[in-house]
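Here are some short exercises to work through with the sequence and the model side by side. Try each task yourself before reading its solution.

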Amino acid sequence: QVQLVESGGASVQTGGSLRLSCAVSERILSFPFMDWYRQAPGKQRELVARVSSGGLLYYSDSVKGRFTISRDNAKNTLYLQMNSLKPEDTATYYCATGESLSPLRVDYWGKGTLVTVSS
C-alpha cells in the first residue's frame with residue numbers, strides 16, 4: 001500500500017512562507033502525477049498544484065505566482081513552497097497521487113497537514 005505522509009503545516013501570519021513536504025513510500029517517478037490539494041473548513045477539497053512525471057506543472061489561479069510545487073526524486077519527496085500567504089490559504093493540505101493520468105484517477109491520499117494563516 002502506498003503511503004503519503006505530509007509535514008510542515010503551521011500557523012503563520014499574512015505574508016509569511018511555509019514549505020510543505022510529502023514523503024512517498026514508493027519511487028515517486030513511478031506515478032504519472034503528484035498533487036497537492038487543500039480543504040478549508042466547510043468547503044470542498046480543491047486541487048492546488050500538480051506535477052506530472054514528465055515535469056509538467058499546473059497551479060490553480062488562486063495560488064499561481066505564490067506557490068511552487070517541486071519534487072526530489074532521490075528522496076521520493078514532494079514539496080509545496082508557499083509564499084505571500086493569505087488568510088484564505090488556511091486549510092488542511094493533502095498530498096495525493098494515482099496510477100492513471102488518462103483518465104486521471106487519484107488513488108492515494110495522505111492524512112493532511114494543517115496550515116493556518118492569521119491576519
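**Exercise 1: a charged pair and its surroundings**

Task: Find how the side chains of R38 and E46 meet, and decide how buried or exposed each residue is.

Solution. Step 1: R38 and E46 are joined through their side chains by a salt bridge, 2.7 Å from N to O; the term means a side-chain nitrogen of Lys or Arg within 4 Å of a carboxyl oxygen of Asp or Glu. A note before going on: this is a predicted model, in which local features need pLDDT of at least 70, side-chain atom pairs count only at pLDDT 80 or more, and totals for chains, interfaces and linings use all residues. Residues are numbered from 1 along each chain as its sequence is written, and side-chain values use heavy atoms, with hydrogens and water left out.

Step 2: Buried means under 20% relative accessible area, exposed over 50%, and partly exposed in between (1.4 Å probe, protein chains only). R38 has 6%, so the residue is buried, whereas E46 has 33% and is therefore partly exposed.

**Exercise 2: from a pair to a network**

Task: Which residue forms a salt bridge with R38 at 2.9 Å, and which residues share one network?

Solution. Step 1: The partner is D89, with its closest N and O atoms 2.9 Å from those of R38. D89 sits in the loop between strand 8 and strand 9 and R38 in strand 4, so this pair ties together parts 51 residues apart in sequence. Strands here are DSSP runs (E, at least two residues), numbered from the N terminus.

Step 2: D89 is buried, because its relative accessible area is 0%. Through shared partners, salt bridges join R38, E46, R66 and D89 into one network.

**Exercise 3: another salt bridge**

Task: How many salt bridges does the structure hold, and where are R50 and D35?

Solution. Step 1: The count is 6. One of them joins the side chains of R50 and D35 at 2.7 Å, N to O. R50 lies in strand 5 and D35 in strand 4, 15 residues apart, so the pair links distant parts of the chain.

Step 2: R50 counts as buried at 18%, and D35 is buried at 0%.

**Exercise 4: the nonpolar core**

Task: Which residues have the most contacts inside the largest nonpolar core?

Solution. Step 1: A nonpolar core is a set of buried Ala, Val, Leu, Ile, Met, Phe, Trp, Tyr and Cys residues joined through side-chain atoms within 4.5 Å. The largest has 29 residues, and W36, L78, L80, M82 and Y93 have the most contacts inside it.

Step 2: Strand 3 gives the largest share, 4 residues.
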